[in-house]
Amino acid sequence: MQNLMSMAMSLALVICIIVILAILIKKFNPQLTNLDEFKVIRSIPLGSKERLIVIEIDDKQHLLGVTPHTINYLYQLEKPLEAKEIPQLAKSFSQLLNPKKTNLQQKNNKNV
């Protein structure tokens, strides 16, 4: 019985650590939300805090360099990239972490 209780406590600790890490990742990552006017197509990390981001505005794609201190416009892409589909597991985690956003999307889909 003591081994079973020890295993259950270890499992609960691991689950708590996963939830805390998910919250920290959400807090410290830039919000890459997609709007109708502004859409993030790709994001490529270059270092711990530096990344390249391809965004789409007015049906044109632009390459940006993002650091903690600046955002630099680098290039307008001549041949557009396709947006990557988000894996189903990431979508389910997103729904767990952002229940308000999910409810808002469901309301918008009903109104359309």
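Gln-61 lies in strand E3 of this predicted model. With a relative accessibility of 4%, Gln-61 counts as buried, because the cut-off for burial is under 20% relative accessible area. The side chain of Gln-61 makes a polar contact of 3.3 Å with the side chain of Glu-56. Beyond four places in sequence, Gln-61 touches Ile-41, Val-54, Ile-55 and Glu-56. The list of contacts also includes Tyr-75, Gln-76, Leu-77, Pro-80 and Leu-81.

The setting of this residue is a protein with three helices and four strands. Along the sequence, these elements follow the pattern α-β-β-β-β-α-α. The four strands form an open sheet. Their order in the sheet is E1-E2-E3-E4, and the pairing is antiparallel. Strand E1 (38-45) and strand E4 (71-76) are the edge strands, each pairing on one side only. From one strand to the next, the twist averages 25°. In general, strands of a sheet pair through backbone hydrogen bonds, in either a parallel or an antiparallel arrangement.

The pairings can be taken in sheet order. E1 and strand E2 (residues 51-57) run antiparallel and are joined by seven bridges. Ile-44 has Leu-52 in E2 as its bridge partner. Ser-43 stands opposite Ile-53 in E2. E1 and E2 form a hairpin, with five residues between the two strands. Ser-48 is located in the loop between E1 and E2. The relative accessible area of Ser-48 is 74%, so this residue is exposed. Ser-48 and Thr-67 are 19 residues apart along the chain. Their C-alpha atoms are separated by 9.6 Å.

E2 and E3 are also antiparallel, with seven bridges in their pairing. Here Ile-53 stands opposite Leu-64 in E3. Ile-53 thus recurs in two pairings: Ser-43 stands opposite Ile-53 in E2, and Ile-53 stands opposite Leu-64 in E3. E2 and E3 form a hairpin with two residues between them.

The loop between E2 and E3 holds Asp-58. Asp-59 is found in this loop as well. Most residues other than glycine have a negative phi. Asp-58, however, has a positive phi near 55°. Asp-59 is not a glycine either, and its phi is positive at about 60°. Both side chains belong to accessible positions by the computed values. Asp-58 is exposed, with a relative accessible area of 66%. Asp-59 also counts as exposed, at 71% relative accessibility.The last pairing involves strand E3 (residues 60-66) and E4. These strands pair in the antiparallel sense over five bridges. The bridge partner of Leu-63 in E4 is Tyr-75. Tyr-75 is also among the residues that Gln-61 touches.

The largest nonpolar core contains five residues. Its members are Val-40, Ile-53, Ile-55, Leu-64 and Val-66. At least two residues of this core come from E2, and at least two from E3. Leu-64, one of the core residues, has contacts on several parts of the chain. Leaving aside neighbours within four places in sequence, Leu-64 is in contact with Arg-51, Leu-52, Ile-53 and Ile-55. Leu-64 is further in contact with Ile-71, Asn-72, Tyr-73 and Leu-74. Ile-53, another core member, is therefore linked to Leu-64 by contact as well as by strand pairing. Ile-55 belongs to the core too, and Gln-61 touches this residue.

Totals for the protein complete the description. Of its 112 residues, 12% count as buried. The accessible surface comes to about 10000 Å². Carbon and sulfur atoms account for 62% of this surface. Among contacts with a separation of 6 or more, 14% are between residues 24 or more positions apart.

Definitions and conventions:
Residues are numbered from 1 along each chain as its sequence is written. This is a predicted model: local features need pLDDT of at least 70, side-chain atom pairs count only at pLDDT 80 or more; totals for chains, interfaces and linings use all residues. Side-chain values use heavy atoms; hydrogens and water are left out. Two strands pair if DSSP finds at least two bridges between them. Axes are lines fitted to C-alpha atoms, for helices over the stretch in contact, and angles run from 0 to 180 degrees between N-to-C directions. Buried means under 20% relative accessible area, exposed over 50%, partly exposed in between (1.4 Å probe, protein chains only). Contact means heavy atoms within 4.5 Å. Accessible areas come from the Shrake-Rupley method with a 1.4 Å probe; for residues, only the protein chains shown count as cover. A polar contact is a pair of N or O atoms within 3.5 Å; within protein, one must be able to donate a hydrogen and the other to accept it, and residues adjacent in sequence count only if both atoms are side-chain atoms. A nonpolar core is a set of buried Ala, Val, Leu, Ile, Met, Phe, Trp, Tyr and Cys residues joined through side-chain atoms within 4.5 Å.
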